[in-house]
Amino acid sequence: MKVMIIESSYPEDFYHNRLDGNSVSGLLYTMRIENKLRYVLDFEHFKKALEECAEGRFEVLHISCHGGEDGIALADNVQPDWNEFCGAFQDMDYVPPVLVMSACCGASSGIAQAFARQEKHPKIILGSQKALTYSQYAAAWSILYHRFQSGKLNRDTAQLALKQIVAVVDKSFRYLRWDGEKKKFLHYPCSGKSYTILETQDNG
């Protein structure tokens with residue numbers, strides 16, 4: 001597995017070293033997972049990083065930035081909406097099968113609908129549906145990449161990881177999976193479904 005990380009947080013995040021990309025890169029190095037980290041300050045360099053991701057045939061693209069219901073926000077505070085964001089992937093000759101959105105509302109309905117209108121898109125998108133903290137994302141990605149390392153980059157592994165992330169970190173996490181027949185992204189966990197950790201009795 002190869003992971004491409006794009007970091008584009010606000011200047012104050014760089015100043016205080018609150019950078020999810022740094023954290024994930026360090027985690028992946030300890031797990032001996034090949035990864036490349038690129039710092040991106042504007043949309044032009046964001047698209048350049050996507051080109052580099054395609055050239056390197058990375059299986060996972062991890063994007064760390066700020067976000068909201070309508071799209072993302074880059075380091076220079078330019079805010080591409082979901083249509084612009086997803087449109088940037090259309091010039092790639094290879095799209096990584098897994099997209100990890102470490103951004104507030106990174107797995108919102110907006111990104112799913114925008115990608116569904118485009119020809120090229122990842123097979124799986126993982127992220128949260130609301131605004132979370134730096135530490136919550138760090139905990140979630142630790143679980144996710146542990147599962148990816150021990151399994152495969154497929155639906156079963158993503159579902160197992162999401163069960164644990166939702167139970168341990170926050171219920172807003174989900175993943176979106178492309179359904180080629182229905183021509184849309186399906187989401188998991190399904191609406192109204194939640195997971196909890198149950199304490200069991202130790203008999204021995």
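Welcome! Start by selecting helices α6 and α7: their axes cross at roughly 155°, and since an angle over 145 degrees counts as roughly antiparallel, the two helices are therefore roughly antiparallel to each other. Keep in mind on this tour that you are looking at a predicted model.

**Stop 1: α6 and α7**

Stay with this pair for a moment. Two packed helices are described by the angle between their axes and the distance between the axes. You already have the angle; as for the distance, the axes of α6 and α7 come within 9 Å. The crossing of α6 past α7 is right-handed.

Now show some side chains. In α6, select Ala-140, Ile-143, Leu-144, Arg-147 and Phe-148; in α7, select Thr-157, Leu-160, Ala-161, Gln-164, Ile-165 and Val-168. These are the residues through which α6 and α7 meet. Sorted by class, this contact has eight nonpolar, two polar and one charged residues.

**Stop 2: α6 and α2**

Keep α6 (residues 134-150) on screen and add helix α2, residues 20-30. Do these two helices run roughly parallel or antiparallel to each other? They pack at an angle of about 30°, and angles under 35 degrees count as roughly parallel, so α2 and α6 are roughly parallel to each other. Their axes lie 10 Å apart, and the crossing of α2 and α6 is right-handed.

To see who meets whom, select Asp-20, Ser-23, Val-24, Leu-27 and Leu-28 on the α2 side. Across from them, on the α6 side, pick Tyr-134, Tyr-137, Ala-138, Trp-141, Ser-142 and Tyr-145. The residues of this α2 and α6 contact divide into eight nonpolar, two polar and one charged.

**Stop 3: a cavity**

How many cavities of 30 Å³ or more does the structure hold? There is one. The largest cavity has a volume of about 30 Å³. To find it, select its lining: Leu-126, Gly-127, Trp-141, Leu-144, Leu-162, Ile-165, Phe-173 and Arg-174. You have already met some of these names: Trp-141 is in the α6 contact with α2, while Leu-144 and Ile-165 belong to the contact of α6 with α7.

Try colouring by element next. β6 (124-128), α6, α7 (155-168) and β7 (173-179) each supply at least two residues of this lining. By class, the cavity lining has six nonpolar, one polar and one charged residues.

**Stop 4: the largest pocket**

Now move to the largest pocket, where about 230 Å³ of space lies. Select Asp-13, Arg-18, His-66, Tyr-134 and Tyr-137, which lie nearest the pocket's centre among its 15 lining residues. Tyr-134 and Tyr-137 should look familiar, as both take part in the meeting of α6 with α2.

Which element gives the most to the pocket's lining? Strand β3 does, with three residues; select residues 60-68 to see this strand. Both β3 and α6 supply at least two residues each. The lining of the pocket has seven nonpolar, five polar and three charged residues.

**Stop 5: two backbone details**

Finish with the backbone. Select Tyr-188 and Pro-189: the peptide bond from the one to the other is cis, with omega near 0°. Pro-189 is found in the segment after β8 (184-188).

Then jump to Cys-105, in the loop between β5 (98-102) and α5 (109-116). Its phi is near 65°, a positive value in a residue other than glycine.

Conventions. Residues are numbered from 1 along each chain as its sequence is written. This is a predicted model: local features need pLDDT of at least 70, side-chain atom pairs count only at pLDDT 80 or more; totals for chains, interfaces and linings use all residues. Side-chain values use heavy atoms; hydrogens and water are left out. Axes are lines fitted to C-alpha atoms, for helices over the stretch in contact, and angles run from 0 to 180 degrees between N-to-C directions. Helices (H or I, at least four residues) and strands (E, at least two) are DSSP runs, numbered from the N terminus. Angles under 35 degrees count as roughly parallel, over 145 as roughly antiparallel, 65 to 115 as roughly perpendicular and the rest as oblique. A crossing is left-handed if the near helix is turned anticlockwise from the far one by less than a right angle, and right-handed if clockwise. Contact means heavy atoms within 4.5 Å. Ala, Val, Leu, Ile, Met, Phe, Trp, Tyr, Cys and Pro count as nonpolar, Asp, Glu, Lys and Arg as charged, and the others, Gly among them, as polar. On a 1 Å grid over the protein atoms alone, a cavity is a set of points where a 1.4 Å probe fits but cannot get out, and a pocket is an open set with protein on both sides within 12 Å along at least five of seven lines; lining residues have an atom within 4 Å of a point. Grid points are joined across faces, edges and corners, and a volume is the space filled by probe spheres set on the points.
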